[in-house]
Amino acid sequence: MSTARLTDLPLRHRGKVRELYELPGERLLMVASDRISAFDFVLEPAIPDKGRVLTQLSLWWFDRLAELAPNHVLPAAAGEIPVEAAGRAVVCERLSMVPVECVARGYLTGSGLADYHATGTVCGVPLPAGLEDGARLPEPIFTPTTKAPVGEHDEPMTWDDVVTAVGPDLAVRLRELTLRIYAAGATVTARAGIILADTKVELGRRADGTLVIADELLTPDSSRFWPADSWQPGRAQPSFDKQPVRDWLAGGSGWDRTGGTPPPALPADVVAGTRARYLEAFERVTGTSLPSAG
């Protein structure tokens, strides 16, 4: 059993959902919490088992998509994972993170839909007229955003914005890899009766320029998962992700997002329903139950 404790490790970074701790040998311990965020706020209470779903599902995808790109996970020494983080922590390599949120969309919804209604485009990519919420796009598109600090909002980036930020060669590599990951993920989820509407991919670089998949991959936090048998364009889709939290905050909570006040606490039924959706997403995609924390 591990004798390490998180409180004994230097905390390098705390994000909305994850913490990064320093380890010897220029390595990091990435821990996924049960925290949940929406509309750029971290919400209370947490969603039980969420951190384990994110970690174990990412590991499952890393293994199956290894031919597309390496990932940041390193072997953990015996006893190196603190017991309180069992099942939701990985040892990972240090990377120079790309200053772009790499997003691929195969369907139109969320912020992409709002952009489309305003401009007829998503991140500068022109789309056909008359598309509805949930519509399938003619082909998947690369729709990157900025990486905003906690509490601020990611902003859409055009292709020219990405080129300016990282240069033309890296921009092409980011777009190609993001779209390949989306296509591979969508093929797998389709076999499980799930539509992969969109996904966000975190990418970093090694010193030699190798692109590496980091953070998480094709999870309910980074992706929209829709049940294929109930897909119906023209309305909000049922989902296996945190959409129920977004829906409650935007509707039944009575919270005014523009008023500057923090969001209210999530009710017990929203917490339980969201946990059930995360677990179902894991089980349907992988065909297995979530491993125990031990």
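# Exercises on a predicted chain

Counting disulfides (a disulfide is a pair of cysteine sulfur atoms within 2.5 Å) gives zero for this chain. Cys-92, for one, is in no disulfide, and the nearest cysteine sulfur, that of Cys-102, is 18 Å away.

Before you start: this is a predicted model, where local features need pLDDT of at least 70 and side-chain atom pairs count only at pLDDT 80 or more, while totals for chains, interfaces and linings use all residues. Residues are numbered from 1 along each chain as its sequence is written, and side-chain values use heavy atoms, leaving out hydrogens and water.

## Exercise 1: Cysteines

Find out why Cys-123 has no bond to Cys-102, and work out whether Cys-123 is buried or exposed.

Step 1. Recall what we're looking for: a disulfide is a covalent bond between the sulfur atoms of two cysteines.

Step 2. Check the distance. The closest cysteine sulfur to that of Cys-123 belongs to Cys-102, and because the gap is 11 Å, it's too far for a bond.

Step 3. Check the surroundings. Buried means under 20% relative accessible area, exposed means over 50%, and partly exposed is in between (1.4 Å probe, protein chains only). Cys-123 has 7% relative accessibility, so it counts as buried. Cys-92 is buried too, at 2%.

## Exercise 2: The whole chain

Describe the chain's make-up, and say what radius of gyration a compact globule with 294 residues would have.

Step 1. Count the elements. Helices (H or I, at least four residues) and strands (E, at least two) are DSSP runs, numbered from the N terminus. Here you get six helices and 15 strands.

Step 2. Try the globule rule. The radius of gyration is taken over C-alpha atoms, and the rule is 2.2 Å times the number of residues to the power 0.38. For 294 residues a compact globule would come out near 19 Å, and the chain has 19 Å, which agrees.

Step 3. Picture the box. Along the principal axes, the C-alpha atoms fill roughly 60 × 50 × 40 Å.

Step 4. Look at burial and contacts. Buried residues make up 50% of the 294. A contact means heavy atoms within 4.5 Å. Take the contacts between residues at least 6 apart in sequence: 63% of them join residues at least 24 apart.

Step 5. Tally the charges. Lys and Arg count as positive, Asp and Glu as negative, and His and the chain ends are not counted. That gives 30 positive and 38 negative side chains, and the centres of the two sets lie 3 Å apart. For those centres, each charge is placed at NZ of Lys, CZ of Arg, CG of Asp or CD of Glu.

## Exercise 3: Odd backbone spots

Locate Pro-45, Asp-49 and Leu-218, and say what stands out in the backbone at each place.

Step 1. Keep the usual picture in mind: most residues other than glycine have a negative phi, and most peptide bonds are trans.

Step 2. Go to the loop between strand E5 (41-43) and helix H1 (50-64), where Pro-45 sits. The peptide bond from Glu-44 to Pro-45 is cis, with omega near -10°.

Step 3. Stay in the loop between E5 and H1, because Asp-49 is there as well. Asp-49 isn't a glycine, but its phi is positive, near 75°. Asp-49 is buried, at 18% relative accessible area.

Step 4. Move to the loop between strand E14 (211-214) and strand E15 (223-227), home of Leu-218. Leu-218 has a positive phi of about 50° without being a glycine. With 0% relative accessibility, Leu-218 counts as buried.

## Exercise 4: Contacts inside the fold

Place Arg-105, Val-122 and Tyr-278 in the chain, then list some of their contacts beyond four places in sequence.

Step 1. Arg-105 belongs to strand E9 (residues 102-107) and is buried, at 7%. Among its contacts are Val-122, Glu-139, Asp-198 and Arg-224.

Step 2. Val-122 is in strand E10 (residues 121-122), and it's buried at 1%. Its contacts include Arg-105, Leu-108, Tyr-116 and Ile-141.

Step 3. Tyr-278 is part of helix H6 (residues 268-286) and counts as buried at 1% relative accessibility. Its contacts include Ile-36, Leu-54, Asp-221 and Phe-240. The C-alpha atoms of Tyr-278 and Asp-221 are 9.0 Å apart, with their positions 57 residues apart along the chain.
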